[in-house]
Amino acid sequence: MPWSLTIGTVYGTAVRIHVTFLLFLVWIWAAYYRQGGSGAAWEGVTFVVLLFLCVLLHEFGHIFAARRYGVKTPEVTLWPFGGIARLERIPEKPSEELVVAIAGPLVNVAIAAVLFLVLGGHVGVEHIENIENPQVSLLAKLAAANVFLVVFNLIPAFPMDGGRVLRALLAMRMSHAQATQTAASIGQALAIGFGLLGIFGNPMLIIIAVFVFLAASGEAGQAQMKQAAQGLLVQDAMITKFEALGPQASVGDAADALIRTTQKEFPIVDGAGHLRGVLTRDAMIHALQARGPASSVLEAMQGDIPTVDTRAPLDRALRLITEKGAPVVGVVDSTGLLVGLLSPENVGEMMLLRAAQPDGRFGPWAKRPV
């Protein structure tokens, strides 16, 4: 992930900190310093670091539960608003997703229980309300914060764990796509409620409302895309007309191609037509700023792009994009020659075309060459 620093690896999962989190710590230090001097400032930073250690343990609760079902997690990143673990895929069985979703909050329950025992049960809501007060015990604030993390994460709305718990429970009675749509609708309704409360109360609720509403919409869209891809082949949605660049091309050449075409990703192919990598628009712009137009596309491209056969199942190709973190999937023939590109955007366009057909299928006019 751009602008993130890797601080270590735990059982194959890279632990990263986004630079905005470091800036957040600086802001915390300055805010506490104004209230109580350097002692309060360092105590405030210590509290935030310990809190985010609890957040990291929360994410590893998800990670280890997912690993039990064969789902790997390449990385987990700490942001100022929390942690994000990138799972290769969501477990297929509702019972497995339920376990993975609930594992994170259960970690916070365990942390809070231990702190409650240490403090003799003397923890209340007032410790969260006075979280900026240097006079309040650090452990008491940490225990109360873990209780808050449990309650907040179990709100039945994406992207919180409660939304995934709700979907898993619904998926035990209906299809995954229907369960996702229902859970997303409930989440959007809650987001609207948060927004109304924010207008008349805490403005922070408005930000949360927008975040939850967009996340619910995105989750529903991904489920619809997955459902639309079932039973179809890669050749039904791939791009067959695209411009490729040779390994000798410069970033300046790629910029010219970006202007004269509608492409956002440019495959880099060797003389035999085999895929070497893909240069995205963002990587191109970064290379222009850092190294100039004369730099090679080989230095800026993303390698290890997954490839599939033209007759591979479409849903498997989409899963590869998620698992590998690739911008596209290369489509090759039996000789390894690149004959097409596939991206989530292609599948989205296919969904729109299918929805426009009375029978929900492509007509002969929509056949793409292989």
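These are my notebook entries on a predicted model, covering its overall make-up, two helix pairs and a few single residues.

**Entry 1: the whole chain**

I began with the secondary structure and found twelve helices and nine strands in the protein. I then looked up burial and noted that, of the 370 residues, 45% count as buried. For the surface I recorded an exposed area of about 19,200 Å², of which carbon and sulfur atoms supply 63%. Turning to contacts with a separation of 6 or more, I found that residues 24 or more positions apart account for 58% of them.

**Entry 2: α1 and α4**

I go into the helix pairs with a reminder that two packed helices are described by the angle between their axes and the distance between the axes. For helix α1 (residues 19-68) and α4, I noted that the axes come within 10 Å and cross at roughly 45°. That angle makes α1 oblique to α4. The crossing of this pair is right-handed. On the α1 side I listed Tyr32, Glu43, Thr46, Phe47, Leu50, Leu51, Cys54, Val55 and His58 as making the contact, and on the α4 side Leu138, Lys141, Leu142, Ala145, Asn146, Leu149 and Asn153. Sorted by class, the contact of α1 with α4 has ten nonpolar, four polar and two charged residues.

**Entry 3: Asn146**

I followed one residue of that contact further, namely Asn146, which is found in helix α4 (residues 138-153). Is Asn146 buried or exposed? I found a relative accessible area of 0%, so Asn146 is buried. Leaving out residues up to four places away in sequence, I recorded that Asn146 touches Cys54, Asn108, Ile111, Ala112 and Leu115. Of these, Cys54 is also among the α1 residues that make the contact with α4.

**Entry 4: α5 and α6**

For helix α5 (residues 161-171) and helix α6 (residues 176-200), I noted axes that come within 8 Å and cross at roughly 140°. The two helices are therefore oblique to each other, since the cut-off for roughly antiparallel is over 145 degrees. I also recorded that α5 passes α6 in a right-handed crossing. The contact is made by Gly163, Leu166, Arg167, Leu170 and Ala171 of α5, together with His176, Ala179, Thr180, Thr182, Ala183 and Ile186 of α6. By class, this contact has six nonpolar, four polar and one charged residues.

I then asked how many of the eleven residues of α5 are buried. The count is ten, and α5 is thus mostly covered. The buried residues in α5 are Asp161, Gly162, Gly163, Arg164, Val165, Leu166, Arg167, Ala168, Leu170 and Ala171.

**Entry 5: positive phi**

Most residues other than glycine have a negative phi, and I therefore looked for exceptions. Tyr11, which is not a glycine, has a positive phi of about 50°. I located Tyr11 in the loop between β1 (4-10) and β2 (13-18), and at 67% relative accessibility Tyr11 counts as exposed. Asp304 also has a positive phi, near 55°, in a residue other than glycine. Asp304 lies in the loop between α10 (297-300) and β7 (307-309), and at 76% relative accessibility Asp304 counts as exposed.

**Entry 6: Asp253**

My last look-up was Asp253, whose place is in helix α8 (residues 251-260). With a relative accessible area of 36%, Asp253 is partly exposed. I noted that Asp253 and Ala294 are 41 residues apart in sequence and 8.6 Å apart in space, C-alpha to C-alpha.

Note on methods
Residues numbered from 1 in each chain as written. Predicted model: local features only at pLDDT ≥ 70, side-chain atom pairs only at ≥ 80, totals over all residues. Heavy atoms only, no water. Axes fitted to C-alpha atoms, helices over the stretch in contact; angles between N-to-C directions. Helix = DSSP H or I, 4+ residues; strand = E, 2+ residues; numbered from the N terminus. Parallel < 35°, antiparallel > 145°, perpendicular 65-115°, else oblique. Left-handed = near helix turned anticlockwise from the far one by under 90°. Contact = heavy atoms within 4.5 Å. Nonpolar A, V, L, I, M, F, W, Y, C, P; charged D, E, K, R; others polar. Buried < 20%, exposed > 50% of the residue type's maximum accessible area, 1.4 Å probe, protein only. Areas by Shrake-Rupley, 256 points an atom, 1.4 Å probe, with all protein chains shown as cover.
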